[in-house]
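Let's take a walk through a protein together. Keep the picture open beside you and follow along from one stop to the next.

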Amino acid sequence: MTAYNSSLLKLLDERGYIHQLTDAAALDALAAKEVVPGYVGFDATAPSLHVGNLVQIMQLRRLQQAGHKPIVLMGGGTTKVGDPSGKDESRKLLTSEEIDANIASIRRVFERFLTFGDGPSDAILLNNDEWLGGLEYIPFLREVGRHFTVNRMLTFDSVKLRLDREQPMTFLEFNYMILQGYDFLELSRRAGCRLQMGGSDQWGNIVNGIELGRRIDGAELYGVTTPLITTSDGAKMGKTAQGAVWLDADFLSPYDYWQFWRNTDDADVGRFLRLFSDLPLGEIARLETLPGAEINQAKIALATEATAMLHGREAADAAAATAQATFAEGGVGADLPTLNTGDAISILAALTGLGFCASNGEAKRKIAEGAVRLDDVTVNDPGLMLTARDEPLKLSLGKKRHGLLVR
């Protein structure tokens, strides 16, 4: 670890958030003497963010914990363009009404992680459609576009990777990096923002914004990126066979969210505790060195702390109790996902209805593999029909997915 003087960079460094820094010494000195407003941008392409966004949300939380001011920038304007970073094809264009509805829904997640208000270190939420939506094309190109060369833009990964794969990139998407750079300039003017944070794939965009601020306003701006968060097997963290791990309870139940973290690999649990929980570093050091099966205590701590941060302590404790009843005691936990069966339902419809399988074909394969159980009895018949009864049935797929069938 680098020896930093500011509590901000010390915290980011010891928790594992720093991958790249621009002018580390100057940022460290600035953060040691005054409140630094810093932002992360989030496009509103869906009604909920997912676990893949969580490390950036936690960056803002750490910024506030260190006494600085988080700025949540919602991309009401840039969502209309689409960030090409890491994408092989253009995103579906959303209407203004869809984008506004997504922003309203997403804000609820940030209110779980940050304290909003009017104080010097209170978080604020801004929408870049406020300034991007009113831009006039030719004046914008004259003021801002002249600071970007096509030669350099073609070298950035967001463009280069798409072209290397011979995937088309629209001129609309090609403008995204100019608009993001302009966001940093506007935020420095409107909110005194001095710092942009993001994932490692945003490095080029962040540097563009820093250079634009220096050239047009003479502003001293800074950037920090996080490492790409992968699991020990090299997979991108947050991607599962069942799809995205959503942060909104309407899309993923608190129990399933708890279970996602409980299933963390032994080798990842210490790193994820530092990144995604507020547990003290000394306690994390103790948990990650637990021997043998005792490492499960660390996974339960991670699951409970991460779930409490997002969904509240009561929901986290209920999920932990449900898991205890389901796994350790062989019972049925009240917090398991449920499916109303009506008078009768096929085993295939039950598996897809609970979200355990994406299709009837997948459900049939899981049954053939012996992975499906009803009340802990293996199901062998893919044509099985389940009739209603007063007591709930526990439906299990493998060792880690459980749900209740209720009338």
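We'll look at how some helices pack, then at a salt bridge, and finish on the surface. Before setting off, keep in mind that this is a predicted model.

Start with helix α1, which covers residues 7-15, and find helix α3 at residues 54-65. These two pack with their axes 9 Å apart, at an angle of about 140°. What do we call an arrangement like that? Angles over 145 degrees would count as roughly antiparallel and 65 to 115 as roughly perpendicular, so α1 and α3 are oblique to each other. The crossing has a hand, too: α1 passes α3 in a right-handed way. If you zoom in on where they touch, α1 brings Leu8, Leu11, Leu12 and Arg15 to the contact, while α3 offers Arg62, Leu63 and Gln65.

Now hop over to a second pair, helix α4 (residues 96-113) and helix α15 (residues 295-311). Here the axes are 7 Å apart and the angle is about 120°. That makes α4 and α15 oblique to each other as well. Which residues meet here? From α4 come Val109, Arg112 and Phe113, and from α15 come Met309, Leu310 and His311.

Stay with α4 for a moment, because it also holds Arg108, one end of a salt bridge whose other end is Asp248. Their closest N and O atoms are 3.1 Å apart. Along the chain, though, the partners are 140 residues apart, with Asp248 sitting in the loop between β8 (243-244) and α12 (254-262). How many salt bridges does the structure hold? There are 16.

Last stop: the outside. Look for Tyr137 in helix α6, residues 137-143. Together with Ile138 and Leu141, Tyr137 forms a nonpolar patch on the surface. Between them, these three have about 310 Å² of accessible area.

Methods:
Residues are numbered from 1 along each chain as its sequence is written. This is a predicted model: local features need pLDDT of at least 70, side-chain atom pairs count only at pLDDT 80 or more; totals for chains, interfaces and linings use all residues. Side-chain values use heavy atoms; hydrogens and water are left out. Patches are made of residues with over 30% relative accessible area and no salt bridge: like charges are joined within 9 Å, nonpolar side chains (Val, Leu, Ile, Met, Phe, Trp, Tyr) within 5 Å. Accessible areas come from the Shrake-Rupley method with a 1.4 Å probe; for residues, only the protein chains shown count as cover. A salt bridge is a side-chain nitrogen of Lys or Arg within 4 Å of a carboxyl oxygen of Asp or Glu. Helices (H or I, at least four residues) and strands (E, at least two) are DSSP runs, numbered from the N terminus. Axes are lines fitted to C-alpha atoms, for helices over the stretch in contact, and angles run from 0 to 180 degrees between N-to-C directions. Angles under 35 degrees count as roughly parallel, over 145 as roughly antiparallel, 65 to 115 as roughly perpendicular and the rest as oblique. A crossing is left-handed if the near helix is turned anticlockwise from the far one by less than a right angle, and right-handed if clockwise. Contact means heavy atoms within 4.5 Å.
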